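Let's take a friendly walk through a protein model, one piece at a time. Keep the picture beside you as you read.

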Amino acid sequence: MVEDQDERILAELQKDGRATNQQLAETVGMSTSACWRRVRALEESGVISGYSALVARERAGFATSAILHVSLERHDVKFVDEFVARVTQRREVLE
């Protein structure tokens with residue numbers, strides 16, 4: 001369960017994932033050490049699963065965007081995991 005302070009931290013990190021701990025602490029109204037501990041706990045518990053950059057796809061040369069729906073004949077875990085692994089190896093696949 002995420003507490004109110006954690007919600008504020010998460011909201012701010014979603015706005016600016018590159019904010020320093022000091023900037024984040026000031027924004028959410030916490031001490032830097034308390035903020036650092038909470039962010040660390042959120043990372044360790046998996047609530048924060050990583051950090052990423054938002055890419056302006058057209059400026060990066062990805063002029064076309066597509067959302068695909070794929071139907072598989074087999075649904076066993078090994079087959080699906082293999083499919084996902086192969087698809088995500090493609091340079092064109094962003095998510």
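A residue is called buried when its relative accessible area is under 20%, exposed when that area is over 50%, and partly exposed in between. Keep in mind that what you see is a predicted model.

**Helix α2 and its hidden side**

With that cut-off in hand, start at helix α2, which spans residues 21-28. Its buried residues are Leu 24, Ala 25 and Val 28. These three cover an arc of only 100° around the axis, which puts them on the same side of α2. What lies over them? The cover of the buried residues of α2 includes α1 and α3. Just after α2 comes Gly 29, and its phi is positive, near 75°.

**How the helices cross**

Now look at how helix α3 meets two other helices. The table gives the angle and the axis separation for each pair.

| Helix pair | Angle | Distance between axes |
|---|---|---|
| α2 (residues 21-28) and α3 (residues 32-44) | about 100° | 9 Å |
| α1 (residues 4-15) and α3 | about 80° | 11 Å |

How should we describe such angles in words? Angles of 65 to 115 degrees count as roughly perpendicular. At about 100°, α2 is therefore roughly perpendicular to α3. At about 80°, α1 and α3 are therefore roughly perpendicular to each other as well.

Which residues of α1 and α3 make their contact? On the α1 side you will find Gln 5, Asp 6, Ile 9, Leu 10 and Leu 13, and on the α3 side Cys 35, Arg 38, Val 39 and Leu 42. Sorted by class, this contact has 6 nonpolar, 1 polar and 2 charged residues.

The meeting of α2 with α3 brings Asn 21, Gln 22, Leu 24 and Ala 25 of α2 up to Thr 32, Cys 35, Trp 36 and Val 39 of α3. Here the residues divide into 5 nonpolar, 3 polar and no charged.

**The nonpolar core**

How many residues make up the largest nonpolar core? There are 12 in all: Ile 9, Leu 10, Leu 13, Leu 24, Ala 25, Val 28, Met 30, Ala 34, Cys 35, Val 39, Leu 42 and Ile 48. The elements that give two or more residues to this core are α1, α2 and α3. Of these, α3 gives the most, with 4 residues.

Cys 35 is a good residue to click on, as it belongs to this core. Leaving aside neighbours within four places in sequence, Cys 35 is in contact with Ile 9, Asn 21, Leu 24, Ala 25 and Met 30.

**A few residues to find yourself**

Is Asp 6 buried or exposed? Asp 6 sits in helix α1, and its relative accessible area of 9% makes it buried. Not counting residues up to four places away in sequence, Asp 6 touches Arg 38 and Leu 42.

Val 2 lies in the segment before α1. With 32% relative accessibility, Val 2 counts as partly exposed. If residues up to four places away in sequence are left out, Val 2 touches Glu 7, Leu 10 and Val 47. Val 2 and Val 47 are 45 residues apart along the chain, and their C-alpha atoms are separated by 8.6 Å.

Ser 33 has its place in helix α3, and at 39% relative accessibility it is partly exposed. The C-alpha atoms of Ser 33 and Gln 22 are separated by 9.0 Å, while the two residues are 11 apart along the chain.

Finally, visit Asp 76, in the loop between α3 and α4 (77-88). Asp 76 is partly exposed, with a relative accessible area of 32%. How far apart in space are Asp 76 and Cys 35? From C-alpha to C-alpha they are 43 Å apart, with their positions 41 residues apart in sequence.

Definitions and conventions. Residues numbered from 1 in each chain as written. Predicted model: local features only at pLDDT ≥ 70, side-chain atom pairs only at ≥ 80, totals over all residues. Heavy atoms only, no water. Axes fitted to C-alpha atoms, helices over the stretch in contact; angles between N-to-C directions. Parallel < 35°, antiparallel > 145°, perpendicular 65-115°, else oblique. Contact = heavy atoms within 4.5 Å. Nonpolar A, V, L, I, M, F, W, Y, C, P; charged D, E, K, R; others polar. Core = buried A, V, L, I, M, F, W, Y, C linked by side-chain atoms within 4.5 Å. Buried < 20%, exposed > 50% of the residue type's maximum accessible area, 1.4 Å probe, protein only. Arc of directions from axis to C-beta.
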